[in-house]
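User: I have a model open and would like to go through it slowly with you. Could you help me read it?

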Amino acid sequence: ASKQDRLMASRRSAVASGERREVIQAFESSVFDKEVISLSGTEEAIVRGGRDLFDKLPAAFQGIKQIGVIGWGSQAPAQAQNLRESLEGTDIKVKIGLRPESSSWASAES
């Protein structure tokens, strides 16, 4: 059975047995290989990789003109910058967003 099939079977099994195990919705990708992992009783579909996959990003984001990263926590600015750099040479814009009432608003403005 495929990983997708195993994920769905696991979800049905957890629901049927009344387990409180959460299963995150799977995603589809025609560009990247995905795998299902278990984190603290939650099964998640992920893409594992690194710099060797950067050349696939334009194909993965085909048709996308802008990507928004929401938040200004410890990782969001760095992740947004990494994504900007990874998409350099494409027309895709990466912007970071924040709710006005966020406790990080002052930090984001500075």
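User: What is V94 in contact with, leaving aside its neighbours within four places in sequence?

Analyst: In this predicted model, once the neighbours within four places in sequence are set aside, V94 is in contact with I67, V69, A80, L83, R84 and L87. As for its place in the chain, V94 is in strand β4, which covers residues 93-97.

User: And is V94 buried or exposed?

Analyst: V94 is buried, because its relative accessible area is 7% and the cut-off for a buried residue is under 20%.

User: How far is V94 from A80, in sequence and in space?

Analyst: Along the sequence V94 and A80 are 14 residues apart, and in space their C-alpha atoms are 6.7 Å apart. Looking from the other side, and again not counting residues up to four places away in sequence, A80 touches V69, V94 and I96.

User: Which residues make up the largest nonpolar core?

Analyst: That core has 11 residues, namely F32, L53, L57, I67, V69, A76, A80, L83, L87, I92 and V94. At least two residues of this core come from each of β3 (66-70) and α3 (76-86), and α3 gives the most, with three residues.

User: Then let's stay with α3. Which of its residues are buried?

Analyst: The buried residues of α3 are A76, A80, L83 and S86. When you look down the axis of α3, these buried residues fall within an arc of 125 degrees, so they line one face of the helix.

User: What do those buried residues pack against?

Analyst: The buried residues of α3 pack against α2 (57-60), and also against β3 and β4.

User: How do β3 and β4 run, and how many bridges join them?

Analyst: β3 and β4 run parallel, and five bridges join them. On the way from β3 to β4 the chain passes through α3, and this β-α-β crossover is right-handed. One pair to look for in the picture is I67 and V94, since V94 in β4 is the bridge partner of I67.

User: Where is E88, and how exposed is it?

Analyst: E88 is in the loop between α3 and β4, and it counts as exposed because its relative accessible area is 65%, where the cut-off is over 50%. If you compare positions, E88 and P58 are 30 residues apart along the chain, while their C-alpha atoms are separated by 9.6 Å.

User: Switching topic, what is the phi of S40?

Analyst: The phi of S40 is near 50 degrees, which is a positive value in a residue other than glycine. Most residues other than glycine have a negative phi. S40 lies in the loop between β1 (35-39) and β2 (42-46), and with a relative accessibility of 83% S40 counts as exposed.

User: Now the whole chain, please. How many helices and strands are there, and what pattern do they follow?

Analyst: The protein chain has four helices and four strands, and reading along the sequence you meet them in the pattern α-β-β-α-β-α-β-α.

User: How much of the chain counts as buried, and what is its accessible surface?

Analyst: Of the 110 residues of the protein chain, 21% count as buried. The accessible surface of the chain comes to about 8100 Å², and 49% of that surface belongs to carbon and sulfur atoms.

User: And what share of the contacts joins residues at least 24 apart?

Analyst: If you take the contacts between residues at least 6 apart in sequence, 42% of them join residues at least 24 apart.

Definitions and conventions. Residues numbered from 1 in each chain as written. Predicted model: local features only at pLDDT ≥ 70, side-chain atom pairs only at ≥ 80, totals over all residues. Heavy atoms only, no water. Buried < 20%, exposed > 50% of the residue type's maximum accessible area, 1.4 Å probe, protein only. Contact = heavy atoms within 4.5 Å. Core = buried A, V, L, I, M, F, W, Y, C linked by side-chain atoms within 4.5 Å. Pairing = 2+ DSSP bridges. Right-handed = clockwise from strand over helix to strand, strands pointing away. Arc of directions from axis to C-beta. Areas by Shrake-Rupley, 256 points an atom, 1.4 Å probe, with all protein chains shown as cover.
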